[in-house]
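Biologist: Before we discuss details, could you put the model up and explain how its terms are defined? I would like to go through it question by question.

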Amino acid sequence: MNDPISDMLTRIRNANLALLPAVALPHSKMKESIAGILKREGYIADFSVEGQTPKKLTLKLKYQGKKSVIEGLQRVSTPGLRRYVGSDEIPRVRGGLGVAVLSTSEGLMTGNQARKKNLGGELLCYVW
């Protein structure tokens, strides 16, 4: 697997389409940080880290009736083409209704948080 973040987003997208209550994926610190942002922004219900040596990250998904709270996920910066933005170039996702996830020098954060702290970084993905 060359791009674990893209794999995570694809697993979430597929689980939402199948209306699954939870999705399990291999653990990494970056995936855990992305899951924390998704929980804080209200896109998932909860997440947990389980296991010892091969840790597993489990995300509990949120639905409104038979419709997922997450309408879309898009990977922006890929291993083949990294996309970096300055603090004044951070895009607004769906006119402010979505979230841009950035990797900055102070860790992973949303586009709004990075704009307030005047930080730029690698634009990882969009969630709406």
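Modeller: Two strands pair if DSSP finds at least two bridges between them, and helices (H or I, at least four residues) and strands (E, at least two) are DSSP runs, numbered from the N terminus. This is a predicted model, in which local features need pLDDT of at least 70 and side-chain atom pairs count only at pLDDT 80 or more, while totals for chains, interfaces and linings use all residues. Residues are numbered from 1 along each chain as its sequence is written, and side-chain values use heavy atoms, with hydrogens and water left out.

Biologist: Which residue takes a positive phi in the hairpin of β2 and β3?

Modeller: Strand β2 (residues 44–50) pairs with strand β3 (residues 56–61) in the antiparallel sense, over 6 bridges. Among the bridge partners, Ser48 is matched with Thr58 and Val49 with Leu57. The hairpin has 5 residues between the strands, and the one with a positive phi, near 90°, is Gly51.

Biologist: What is the strand order in the open sheet of 3 strands?

Modeller: The pairing in this open sheet is antiparallel. Its edge strands, each pairing on one side only, are β1 and β2. The order is therefore β1-β3-β2.

Biologist: At about what angle does the direction of α2 stand to that of β2?

Modeller: Axes are lines fitted to C-alpha atoms, for helices over the stretch in contact, and angles run from 0 to 180 degrees between N-to-C directions. α1 lies across β1 and β3, running at about 160° to β1. α2 packs on the sheet, touching β1, β2 and β3 (contact means heavy atoms within 4.5 Å). Its direction and that of β2 make an angle of about 155°.

Biologist: Which element gives the most residues to the largest nonpolar core?

Modeller: A nonpolar core is a set of buried Ala, Val, Leu, Ile, Met, Phe, Trp, Tyr and Cys residues joined through side-chain atoms within 4.5 Å, where buried means under 20% relative accessible area, exposed over 50% and partly exposed in between (1.4 Å probe, protein chains only). Of the 23 residues in the largest core, Ile12 and Leu59 touch the most other members. Two or more residues come from each of α1, β1, α2, β3, β8 and β10. The element that gives the most, with 5 residues, is α1.

Biologist: Why does the salt bridge of Arg75 and Asp3 tie together parts that are far along the chain, and how many residues apart are they in sequence?

Modeller: A salt bridge is a side-chain nitrogen of Lys or Arg within 4 Å of a carboxyl oxygen of Asp or Glu, and the structure holds 6 of them. The side chains of Arg75 and Asp3 meet in one at 3.0 Å, N to O. Arg75 lies in strand β6 and Asp3 in the segment before α1, so the parts that the pair ties together are apart in sequence by 72 residues.

Biologist: Is Gly98 buried or exposed?

Modeller: Gly98 is found in the loop between β7 and β8. Leaving aside neighbours within four places in sequence, Gly98 is in contact with Tyr43, Val93, Val127 and Trp128. With a relative accessible area of 13%, Gly98 is buried.
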